[in-house]
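Trainee: Can you walk me through this one? I'd like to know how the labels are earned.

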Amino acid sequence: FGMAKAQSRGGHVRCGKGHGQTTDTLNPGTYENGFTIDMAHGIHGYLVEVAPDGTMIPSVAEGWEASDDASEWRFKLRKGVTFHSGKEVTVEDVIASVNFHRGEGSTSAAGPLVASITDIKAEGDDTIAFILDGGNADFPFTVSDYHIPILKADGDSVDWQSGDGCGAYVLKDANFGVLAAFERNPNYFGEDGYFDSIEMLSIVDLN
């Protein structure tokens, strides 16, 4: 046997997922299966992420801090993060993205997760303050939930319909129940995606 060689970045990968259905949508409040969750992590950025060892690491937010009683949390945005369309991510986008899941009219699956937030406000042009109804030392884990990506603010809501995210991959095609296609985002703020392009197939019919 020859010695194994490290794989280089690039190329195209096609993978099959035993999840996905025609009723799936780009609405993050409806993500409920492995297909939509993987899609979300490909095209979207989150304030923070969970590392393989279970710790929280910076992402769209470069840092965060809590009050002594953990009832107030402040996240500082990373500079220069842009959506795939080229628009820079702002504190207004972050606030709108979280508020999308809040309120009596919300049908989002993340509604219970953000129910403890009593107020969200911008402090300058790079800091978002979250005021909670009590102390929560694990609040960063809450905003890492796959239902709560950072989307573009759009009036009183967010633009989830376009699929315009700030993640490592750009969504090129979404035919739910069949496939989703992605290309590497050349302007991604983090570590580049491994592949140049990805095709994710929904394979749920075993016949």
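**How the labels are earned**

Mentor: Let's start with Lys 152, bearing in mind that the model is predicted. Leaving out neighbours within four places in sequence, Lys 152 is in contact with Phe 83, Ser 85, Lys 87, Asp 93, Ser 157, Val 158, Asp 159 and Asp 164. Lys 152 belongs to strand 8, residues 152-154.

Trainee: Why does Lys 152 count as buried?

Mentor: The cut-off for buried is under 20% relative accessible area. Lys 152 has 17% relative accessibility, so Lys 152 counts as buried.

Trainee: What makes the link between the side chains of Lys 152 and Asp 164 a polar contact?

Mentor: One requirement is a pair of N or O atoms within 3.5 Å. The contact joining these two side chains is 3.0 Å.

Trainee: Now Asp 126. How do you know that Asp 126 has no salt bridge?

Mentor: A salt bridge needs a side-chain nitrogen of Lys or Arg within 4 Å of a carboxyl oxygen of Asp or Glu. For Asp 126, the nearest side chain of opposite charge is Lys 76, at 4.2 Å, and Asp 126 has no salt bridge although it is buried. What Asp 126 does have is a 3.0 Å polar contact between its side chain and that of Thr 127. You'll find Asp 126 in the loop between strand 6 (117-122) and strand 7 (127-132). Among the residues Asp 126 touches are Phe 75, Leu 77 and Val 91.

Trainee: What makes strand 5 and strand 7 a pair?

Mentor: Pairing takes at least two bridges. Strand 5 and strand 7 are joined by five and run antiparallel. Within that pairing, Arg 74 has Ala 129 of strand 7 as its bridge partner. Both strands sit in an open, antiparallel sheet of four, ordered 4-5-7-6.

Trainee: Why are strand 4 and strand 6 at the edges?

Mentor: Each has a single partner strand, so one side of each has no neighbour in the sheet.

Trainee: Why is helix 2 called mostly covered?

Mentor: Seven of the nine residues in helix 2 (residues 91-99) are buried, including Val 91, Asp 93 and Ile 95. Strand 5, strand 6, strand 7, strand 8 and strand 9 are among the elements covering those buried residues. Helix 2 lies across strand 5, strand 6 and strand 7, at about 165° to strand 6.

Trainee: And how many bridges pair strand 10 with strand 11?

Mentor: Six, in the antiparallel sense. The two strands form a hairpin with three residues between them, and Gly 177 in the turn has a positive phi of about 90°.

Technical notes:
Residues numbered from 1 in each chain as written. Predicted model: local features only at pLDDT ≥ 70, side-chain atom pairs only at ≥ 80, totals over all residues. Heavy atoms only, no water. Buried < 20%, exposed > 50% of the residue type's maximum accessible area, 1.4 Å probe, protein only. Lys, Arg positive; Asp, Glu negative; His and termini not counted. Polar contact = N/O pair within 3.5 Å; in protein donor to acceptor, adjacent residues only side chain to side chain. Contact = heavy atoms within 4.5 Å. Axes fitted to C-alpha atoms, helices over the stretch in contact; angles between N-to-C directions.
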